[in-house]
Amino acid sequence: MTRITKINADVYKAFQDPRNFFKFLKVFNKESGALEPFVLRPQQEELLEALLTHNRIVVLKARQLGISTLLRAYFLWKSYMSLEPTRHAIISYTRDSADHLHNMDKGFYLSIPKTLQRKLSKSSARTLQFGDTNAELRSFTAGGKAGATRSFTFSDTHISEFAFFDDQDDLLANVVASVGDGQIVIETTPNSPGDKYHELIEGAPGNGWHLCWFPWYEHAEYTKKSQFHQPQIPDPTDEELAIKEMFGLTLGQLYWRRTMIKTMGIEKFRREFPATVDEAFFSASNEFFPIDVLDEMTVLDLGGQQDRWYCDPAPGDRFAMGVDVAAGRGGDYSVITVVSCTTHLPVYHFRSNQILPHELADKIYQLYWDFGEPYTIIEQNGPGETVLYRMKEWKVKNLYKDAKGKDWRTRKENKIAIFDYLRDLVCEGVLDAVDKTLWAEMRSIQITKGAPASASNDDMVVSTALALWGAKLKPTPSGYQVKKSIVDDMIKSRRASRIIREGGYHKHIRGWKK
């Protein structure tokens, strides 16, 4: 008999219902910035009922409904209640995602009162293991490949971001073989129509899988005070009124829907906040960046020269630099992009398809000092090796290194991450004015085999995405006056742009010529 059955038999009996266990857990409230008791939402309660009655569950959901939170609380409960050395696995597409989910496990465990905490024999970056039973929670990163977990045996498995794996069939087959009759739960954002995830949803329940479907309009927080009666706000369209009638929406929900579509574009809204199962997989186009959002951006003609300036660097600001390296033989372009870490707006591009890698290294070194040692991400792939070798030879600091001390090598999963972040900034209106080349490249990016790609050049998009990722990793602590100065300069620059456009001027590097 284990420690918990000897000392806390009554507690153990009470915890047979996971809801009693959850009462001791705490979650972080982003709005209040504090830990609060874990109270189940209706969607979480519905999923919990499914978890207690089904062994094969596939979840389709709108964003931010707390589904991952409920799943991690549930699997902690399963491991906590186990009297055997069971292994409860998290398999996620990226290391960051797996770490985030595993940190939820740790946070929940630490929120349990000390008198109820079971002693851990192991607590690491990937594993929580209870000392008395050896039951453990363990996270895995498959990196898009199915074979990463092939040698392990699991009692049950939570697969996150399943739709983004390259070989979904192999991954699922390996997990089924490992788990046997144990529980498998799949939750993910939809990615490509017709993939294995879509197939599982379409086949449920006849294929043995139970579908848990949570549309956006069932979430109480997805509403805003309706502004349709305001003079500057157009009334609901006939299409919007039809949607309101179809799903029984309030005017507040309808107005929230309109503002979200305005922010992120209709394609991304349908994918991340679906109202129907079909809508989650519907895509009228394969464009990665919503065309309707791109069409509302201001397109700047910064000239066709190699050096393209948006504005002078603001004194006191900090910067991030992203570099996409090409061979310099007239094909792909080598592009350097510098962005402000304060505003996340681009300041400068360098673009050339004739510069050799060792010459590009000289250019980067010059810009590195011109911009006050910016945090720099240089793509290692191909000729990037030469550039990175020169940077290290010159003992350049502030170069990107991952947790294992390795340089940036673009792979499918991290390309999706940096492009997603760039798209979010575009859809949120942070990037509302860009160089014409960058704008044209963004329009050419398509979703191919679940990843962003372009049949033509995407070098400036890559360098900009890398620079913005650097700004995300190393945000500036700049004070109020610096930010105010940057914003003021930006306003002046935009006024000048409008005056010059109306007066027949054009921009040339940082000056103005008639």
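Two strands count as paired when DSSP finds at least two bridges between them. With that in hand, welcome to a quick tour of this predicted model. Five strands form one open sheet, and eight strands form another. Along the way we also visit salt bridges, of which the count comes to 26, and a buried aspartate, Asp435.

**The five-stranded sheet**

- Reading across this open sheet, the strand order is β12-β15-β14-β13-β16, with mixed pairing.
- At its edges stand β12 (307-309) and β16 (375-378), each of which pairs on one side only.
- Direction ignored, neighbouring strands here are turned by 10 degrees against each other on average.
- Strand β13 (residues 319-324) pairs with β16 in the parallel sense, over four bridges.
- To find your place in that pairing, look for methionine 321, which stands opposite threonine 376 in β16.
- Helix α18 (residues 459-473) lies across β12, β13, β14 (334-340), β15 (346-352) and β16. The helix α18 runs at about 35 degrees to β14.

**The eight-stranded sheet**

- This open sheet is also mixed in its pairing, and its order is β5-β6-β7-β4-β8-β9-β3-β10.
- The edges belong to β5 (120-123) and β10 (210-214); each has a single partner strand, so one side of each is left without a neighbour in the sheet.
- On average, neighbouring strands of this sheet are turned by 15 degrees against each other, direction ignored.
- At the β5 edge, three bridges join β5 to strand β6 (residues 127-130), and the two run antiparallel.
- Within that pair, lysine 122 stands opposite glutamine 129 in β6.
- β5 and β6 form a hairpin, with three residues between them.
- As general background, strands of a sheet pair through backbone hydrogen bonds, either parallel or antiparallel.

**Helices on the eight-stranded sheet**

- Helix α5 packs on the sheet and touches β3 (56-61), β4 (87-92), β6, β7 (136-141), β8, β9 (183-187) and β10. The direction of α5 makes about 165 degrees with that of β9.
- Helix α8 (residues 196-203) packs on the sheet as well, touching β3, β9 and β10. The direction of α8 makes about 105 degrees with that of β3.

**Helix α6**

- Helix α6 (residues 95-111) has 17 residues. From its first C-alpha to its last, α6 reaches 24 Å, close to the 24 Å expected at 1.5 Å a residue.
- Which residues of α6 are buried? They are Ser97, Ala98, Leu101, His102, Met104, Asp105, Phe108, Tyr109 and Ser111.
- A handy reminder when looking at such a list: an α-helix has 3.6 residues a turn, so residues three or four places apart point the same way.

**Salt bridges**

- Side chains of opposite charge can pair when their charged atoms come close.
- Lysine 78 and aspartate 156 meet through their side chains in a salt bridge, at 3.0 Å from N to O. Lysine 78 lies in helix α5 (residues 67-81) and aspartate 156 in strand β8 (residues 156-160), so the pair ties together parts that are 78 residues apart in sequence.
- In that pair, lysine 78 is partly exposed at 22% relative accessibility, whereas aspartate 156 is buried at 2%.
- Aspartate 407 and lysine 401 form another salt bridge, at 2.6 Å from N to O. Aspartate 407 is buried, with a relative accessible area of 10%, while lysine 401 is partly exposed at 37%.
- Glutamate 413 and arginine 411 also meet in a salt bridge, at 3.0 Å from N to O. Here glutamate 413 is buried at 14% relative accessible area, and arginine 411 is partly exposed at 43%.
- Salt bridges with shared partners also join Asp17, Arg19, Glu45 and Glu49 into one network.

**A close look at aspartate 435**

- Where does aspartate 435 sit? Its place is in strand β17 (residues 433-435).
- Aspartate 435 has a relative accessible area of 0%, so this residue counts as buried.
- A polar atom of the aspartate 435 side chain lies 2.9 Å from the backbone nitrogen of threonine 437.
- Setting aside neighbours within four places in sequence, aspartate 435 is in contact with Leu300, Leu302, Arg308, Tyr310, His349 and Met460.

Conventions. Residues are numbered from 1 along each chain as its sequence is written. This is a predicted model: local features need pLDDT of at least 70, side-chain atom pairs count only at pLDDT 80 or more; totals for chains, interfaces and linings use all residues. Side-chain values use heavy atoms; hydrogens and water are left out. A salt bridge is a side-chain nitrogen of Lys or Arg within 4 Å of a carboxyl oxygen of Asp or Glu. Buried means under 20% relative accessible area, exposed over 50%, partly exposed in between (1.4 Å probe, protein chains only). Axes are lines fitted to C-alpha atoms, for helices over the stretch in contact, and angles run from 0 to 180 degrees between N-to-C directions. Contact means heavy atoms within 4.5 Å. The expected span of a helix is 1.5 Å times one less than its number of residues. A polar contact is a pair of N or O atoms within 3.5 Å; within protein, one must be able to donate a hydrogen and the other to accept it, and residues adjacent in sequence count only if both atoms are side-chain atoms.
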